[in-house]
Amino acid sequence: MRGIAPFQLVTLVVLAVALALIVWLRPHQLASGVVAGAAGVFLAVALWRVLLILVSVVRLPEPAIPEHWPRYTVLAALHDEAEIVGQLIERLSRIDYPADRLQGLLVLEAHDHDTIAAARAAPRPDWLDILVTPPGKPQTKPRALNYALARATGELLTVYDAEDAPDPGQLREAAARFAADRTGRLACLQAPLRIRAAPGFIARQFSAEYASLFEAVLPGMARLDLPFPLGGTSNHFRVDRLREAGGWDAWNVTEDADLGFRLWSRGWRLGVLARPTWEAPPGGFPLWLPQRTRWLKGYLQTWGVHTRQPWRLGLRGALALLMTLGAGLASAAIHGLCLAWVAVTVLVPLVAGLPPETPRLALSVLVLGAASAWLSCAIGARRAGVPYGPIDMLAAPAYWALLSVAFAHAAWRLVREPFAWDKTPHRRDASPDTDDPAPATAETHDALDATAPLRLSAGHVAAPEPVA
């Protein structure tokens with residue numbers, strides 16, 4: 001369904017009328033009201049980040065070894081990935097799981113002859129097959145995944161992307177976590193995505209952003225038993241729950257974010273894993289912008305879908321939606337404006353002293369919000385083993401301002417091309433393959449262990465001390 005739902009229309013009308021009344025009755029208080037409102041939002045988001053950081057260190061009980069390993073389906077939907085499909089096959093071949101319990105499908109598009117040929121030419125384990133998706137619309141990753149879902153034979157299922165290097169023990173950890181769930185409500189587990197260290201401003205900030213999300217924010221929300229937007233890869237599902245939810249929305253360009261809240265609306269819950277999946281950064285600004293634009297456009301789509309009837313999520317689900325997608329979209333929209341405001345009202349006249357008309361409260365809350373973001377990135381980066389130092393912190397506002405460029409682009413694309421999929425090109429890693437997690441530090445083995453280590457079977461290495 002497209003267009004504005006009745007609830008959304010009523011909400012917009014009420015907000016417009018309230019704004020018109022303020023402008024009419026109290027025009028001189030409008031500016032101060034906007035500043036106070038923005039300060040309140042910044043304060044709420046900052047406190048929310050701190051809460052998630054604190055609860056993300058809580059340890060989960062160690063799950064028992066399953067009596068039997070359930071059948072597992074591994075999906076990888078690829079398009080124009082001839083250069084990298086061989087590397088992906090090599091990495092999937094390292095998965096430490098009973099081969100007779102595995103089904104793997106490389107889901108390829110019928111017209112993508114180069115990738116099909118490269119996949120067929122590469123040595124593959126017996127459990128990994130090629131599945132060609134017939135022509136159809138929309139030509140998106142979620143459509144291909146839905147085609148594969150209908151042919152999945154596993155009790156559990158996971159999704160990987162072309163550039164992924166999953167920890168070999170990730171499936172065993174997920175199977176043990178699902179087996180330990182006695183409520184039957186656990187529908188999905190998200191593995192942390194870690195970006196390999198790479199030189200350059202965009203790469204370092206992107207890596208820290210991922211670390212904040214997957215090492216602090218999502219574990220914290222999982223500890224609070226709240227829904228969250230899934231990452232586009234390394235999600236592990238109960239197949240029956242995924243099918244009952246209708247699979248992925250083929251028209252949403254961030255189908256993963258939508259699915260996390262859709263599962264929650266049906267009464268199921270989400271969790272996180274410890275064993276990571278490593279990815280390469282997208283590259284410089286020309287490659288980063290289309291990727292970020294797609295994410296923000298998909299977040300706008302998902303926000304629109306789930307605010308049609310927000311009561312279906314319940315109070316906790318609606319709060320999670322507001323503090324993830326809502327806060328993320330609002331932050332991306334105003335980061336550039338906030339940076340410009342600071343430059344005009346603070347940095348430019350700094351030599352003459354802070355002018356009296358500068359709102360001290362707004363400036364203080366803005367600094368607090370930035371500090372909470374720095375803290376989340378710094379702690380997440382330490383847990384993930386990726387670099388994030390003082391220079392990166394000082395440069396972060398410039399990266400946040402770029403998010404406003406991506407948001408403006410996303411809003412425009414949502415109107416003009418709502419279902420167009422901006423694909424990120426991938427290249428085979430030029431450096432030696434370093435897929436294993438970073439060496440554990442003393443801190444990793446102590447307070448940051450959020451899920452207990454697993455020794456899942458004789459002859460298999462124990463999982464490294466997980467990171468929250």
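**Note on the predicted model: threonine 115, the sheet and the cores**

1. The side chain of threonine 115 makes a polar contact with the backbone nitrogen of alanine 82 at 3.2 Å, and it also reaches the backbone nitrogen of glutamate 81, at 2.9 Å. A polar contact here is a pair of N or O atoms within 3.5 Å; within protein, one must be able to donate a hydrogen and the other to accept it, and residues adjacent in sequence count only if both atoms are side-chain atoms.

2. This is a predicted model, in which local features need pLDDT of at least 70 and side-chain atom pairs count only at pLDDT 80 or more, while totals for chains, interfaces and linings use all residues. Residues are numbered from 1 along each chain as its sequence is written, and side-chain values use heavy atoms, with hydrogens and water left out.

3. Threonine 115 belongs to helix 4 (residues 113-121), where helices (H or I, at least four residues) and strands (E, at least two) are DSSP runs numbered from the N terminus. With a relative accessible area of 0%, threonine 115 is buried; buried means under 20% relative accessible area, exposed over 50%, and partly exposed in between (1.4 Å probe, protein chains only). Neighbours within four places in sequence aside, threonine 115 is in contact (heavy atoms within 4.5 Å) with Asp80, Glu81, Ala82, Val85 and Leu108.

4. An open sheet of three strands has the order 5-10-7 with mixed pairing, two strands being paired if DSSP finds at least two bridges between them. Strands 5 and 7 (193-195) stand at the edges with a single partner strand each, so one side of each has no neighbour in the sheet. Strand 7 pairs with strand 10 (residues 277-279) in the parallel sense over three bridges, and tryptophan 278 in strand 10 is the bridge partner of arginine 194.

5. Glycine 169 sits in the loop between strand 5 (165-166) and helix 6 (170-180), and counts as buried at 7% relative accessibility. Its C-alpha is 9.4 Å from that of proline 276, although the two residues are 107 apart in sequence.

6. The largest nonpolar core, meaning a set of buried Ala, Val, Leu, Ile, Met, Phe, Trp, Tyr and Cys residues joined through side-chain atoms within 4.5 Å, has 73 residues, and those with the most contacts inside it include Leu157, Phe228 and Trp288. Helix 7 (residues 201-223) gives the most to this core, with ten residues. Apart from it lies another core, of 31 residues, including Val74, Ile89, Tyr97 and Leu156.
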